[in-house]
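Visitor: I am new to this structure. Please take one part, the packing of the helices, and go through it closely, then add whatever else helps me find my way.

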Amino acid sequence: MILLVAEHNNGKPSKSALELVQAARDLGRDGPITALLLGQGLTSVANEMSKYAEQVLVADLPELAAYNPEVWAAAVTQIAQEGEAHTILVSASRSGREYSARVAVKLDAPLLEDVIKVEAQGNALQGTKYAYLARVTEVYESDAAVTVVSVKPGAYNPAQPASGAGEQYDVELELPQSRTRSTGKVIEKTTRVPLTEADVVITGGRGVGSPENFSKLIEGLADNIGAGVGATRAVVDAGWRPYGEQVGQTGKTVAPKAYIAVGVSGAVQHLSGMGKSKYIVAINKDPEAPIFKNADYGIVGDLHQVLPALIEATRK
Amino acid sequence: MNILCVIRQVPDGEAKLRINNSKVELDGVTVIMDGMDEYGVEQALRLREAGASVEQIIVLAVGPARNEDAIRTALAMGADRAIHVETDTYLDPIALSKIVTQVAKEENASLVFSGGQQSDWDSQALGAATAERLGWPQVTWTNALELSGETLKGKHDIDEGAETFEVELPAVITTQQGLNDPRYPTLPNIMKAKKKELRKDSLDKYGVTAKLKHVSSNIQVKERMGKLIDGKDPQAAAAQLVELLRNEAKVIA
Ligand SMILES: Cc1cc2nc3c(=O)[nH]c(=O)nc-3n(C[C@H](O)[C@H](O)[C@H](O)COP(=O)(O)OP(=O)(O)OC[C@H]3O[C@@H](n4cnc5c(N)ncnc54)[C@H](O)[C@@H]3O)c2cc1C
């Protein structure tokens, strides 16, 4: 069977869970598509998920209320073994990339990590992924009996519901004690569209000059056109914006329809987080800034003049 | 205690990459110690400097001969000695974690540092896979860390934001931005590093084969349109950009 671990949020499958369903369908390998739900209070998400998968395995346990790598890896491994899964799909979220590596070791299986495409080639699986700060794509092949695959969020379109309802099963698990104690969480909250889901992202760089300018100019434009707000590392390091907004190698990866980089030089570590955007727009006063080589549209000019004009032009 | 720092040597971010025989060709390319791994080497040194009883800080690199440069950098930063498993064979992170595990055991390490995401194969798997093989907990994407007794306390990034944590040694920690500012090796330390022990091992010693087969590599160049608009007249430039966003990119109404 194809086992996929469905992430969920507020009683609903996450977008990434439906993307995994699509990846599983496209694979066209033998056996039912089986979704595994880990957590607590899963009734509504299980009902929703059974519109997409032929089987839904529900592990509704207090020990699974919060994510933990050791516990998640143990749970997925047990289900994979019992169900004789040949392909295990997980979302390449931060947590997914962490516990999938543990699952691969437990199953002595190869890991195709963070793939943008996975295809069956006879009995083998081939996965395509980015490498070298997303400057290269590489294809890797697994011909093992069991392969673990983590799928980059956004790489597949979310699946449409299938006709008929999938069967639901409660599963029992033997879970280890977690050895890492969480002593507090800072949950990122934003009233704007989340960066990774926005159709348009506006990112400010050090050229914006100050936190006040950032609010006025970058957020001002974002408010007018319903965009997500991003920042470069230089801006985050300076303490102008929270880390949750950082785009790049050590921040978030985004691929919106349009990415507007304002006062951003275009360092590779930044490009690796946004280089796959459909259209890239750069606003920079330095015509030699590397960002222009990676832009579809560029305005060579002072952001203190161009941004107010843009805000004016997009005023509702 | 002993600390093991796993490092990789990667092309400089600005280096121009090319493909030869469907592989990335690194001959003649400027290569450096992966910035993500540097945070781990620095943190090991800082734990010692903060008074933890750190006996040895050992650096491990697996890869071709040219990795020696990155190893020397780590030694010049202050690591005590190094092991270089010299090989041209491709090993994926899950396979590589087997070597890291064997070395961690042999060297009696109780803390392993590795970069949060390797900038050559863009993987985050090595730390967690190593922890699983060792039967240890791991904490990934750590950006604050201190040791009190046998307890590591710190902060790291998670899916929903950030989390503070506590974990007992032994453990695997993956490192990232914000953890520290890695030091630059000084000239005297670079000279001293030349005399530090660098053991060369062959891959055979570890009995490891790749779990994945590399099929091909391709340079990703998305052709960008590069339409430049002069910003001297900001109103006209803004109007032109809005027009493009509306009618060509179709992202605003
Ligand atoms: C291991 C590692 C990981 C990293 N990860 C990331 C990451 O995740 N994300 C990231 O962004 N960076 C990352 N970096 C840092 C990266 O290398 C760059 O330092 C950073 O992206 C630069 O940010 P910037 O473009 O805002 O600033 P700068 O490079 O300082 O560029 C500012 C730009 O603003 C322009 N400007 C100034 N004034 C004006 C004006 N009035 N009008 C118009 N334009 C103006 C300038 O011409 C310049 O091009 C990483 C680095 C390392 C080593």
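Guide: What follows goes through three helix contacts, then the ligand, then two places in the backbone. The model is a predicted one.

Start with helix α4 of chain A, residues 94–106, which takes part in two of the contacts described here. Within chain A, its partner is helix α3, residues 69–82. The axes of α3(A) and α4(A) come within 8 Å and cross at roughly 50°. An angle between 35 and 65 degrees counts as oblique, so α3(A) and α4(A) are oblique to each other. The crossing of this pair, α3(A) with α4(A), is right-handed. On the α3(A) side the contact is made by A:P69, A:E70, A:W72, A:A73, A:A74, A:V76 and A:T77. On the α4(A) side it is made by A:E98, A:Y99, A:R102, A:V103 and A:K106. Sorted by class, the contact of α3(A) with α4(A) holds seven nonpolar residues, one polar residue and four charged ones.

The other partner of α4(A) belongs to chain B: helix α4 of that chain, residues 125–134. The two axes come within 8 Å and cross at roughly 45°. With that angle, α4(A) and α4(B) are therefore oblique to each other, and α4(A) passes α4(B) in a right-handed crossing. Chain A contributes A:E98, A:A101, A:R102, A:V105 and A:K106 to this contact. Facing them in α4(B) are B:A125, B:A128, B:A129, B:A131, B:E132 and B:R133. The residues in the contact of α4(A) with α4(B) divide into six nonpolar and five charged, with no polar ones. A:E98, A:R102 and A:K106 appear in both contacts, with α3(A) and with α4(B).

The third contact also joins the two chains. Helix α8 of chain A, residues 303–313, packs against helix α6 of chain B, residues 234–248. The angle is about 55° and the axes are 8 Å apart. α8(A) and α6(B) are therefore oblique to each other, and their crossing is right-handed. From α8(A), the residues in contact are A:Q305, A:V306, A:A309, A:L310 and A:A313. They meet B:P234, B:Q235, B:A238, B:L241 and B:V242 of α6(B). Here the classes come to eight nonpolar residues and two polar ones, and no charged residue takes part in the contact of α8(A) with α6(B).

Next, the ligand. It is surrounded by 25 residues, and the closest are A:R206, A:T232, A:Q246, A:T250 and A:S265. The side chain of A:Q246 has an N or O atom 2.7 Å from an oxygen atom of the ligand. For the side chain of A:T250, the distance from an N or O atom to a nitrogen atom of the ligand is 2.7 Å. The side chain of A:D302 likewise has an N or O atom 3.0 Å from a ligand nitrogen atom.

Last, the backbone of chain B. Most residues other than glycine have a negative phi, and most peptide bonds are trans. B:L169 and B:P170 are joined by a cis peptide bond, with omega about 0°. B:P170 sits in the loop between β11 (161–168) and β12 (171–175) of chain B. B:N21 is not a glycine, yet its phi is positive, about 50°. The place of B:N21 is the loop between β3 (18–20) and β4 (23–25) of chain B.

Methods: Residues are numbered from 1 along each chain as its sequence is written. Chains are lettered from A and ligands numbered from 1 in the order in which they are written. This is a predicted model: local features need pLDDT of at least 70, side-chain atom pairs count only at pLDDT 80 or more; totals for chains, interfaces and linings use all residues. Side-chain values use heavy atoms; hydrogens and water are left out. Axes are lines fitted to C-alpha atoms, for helices over the stretch in contact, and angles run from 0 to 180 degrees between N-to-C directions. Helices (H or I, at least four residues) and strands (E, at least two) are DSSP runs, numbered from the N terminus. Angles under 35 degrees count as roughly parallel, over 145 as roughly antiparallel, 65 to 115 as roughly perpendicular and the rest as oblique. A crossing is left-handed if the near helix is turned anticlockwise from the far one by less than a right angle, and right-handed if clockwise. Contact means heavy atoms within 4.5 Å. Ala, Val, Leu, Ile, Met, Phe, Trp, Tyr, Cys and Pro count as nonpolar, Asp, Glu, Lys and Arg as charged, and the others, Gly among them, as polar. A residue is near a molecule or strand if one of its heavy atoms lies within 4 Å of it. A polar contact is a pair of N or O atoms within 3.5 Å; within protein, one must be able to donate a hydrogen and the other to accept it, and residues adjacent in sequence count only if both atoms are side-chain atoms.
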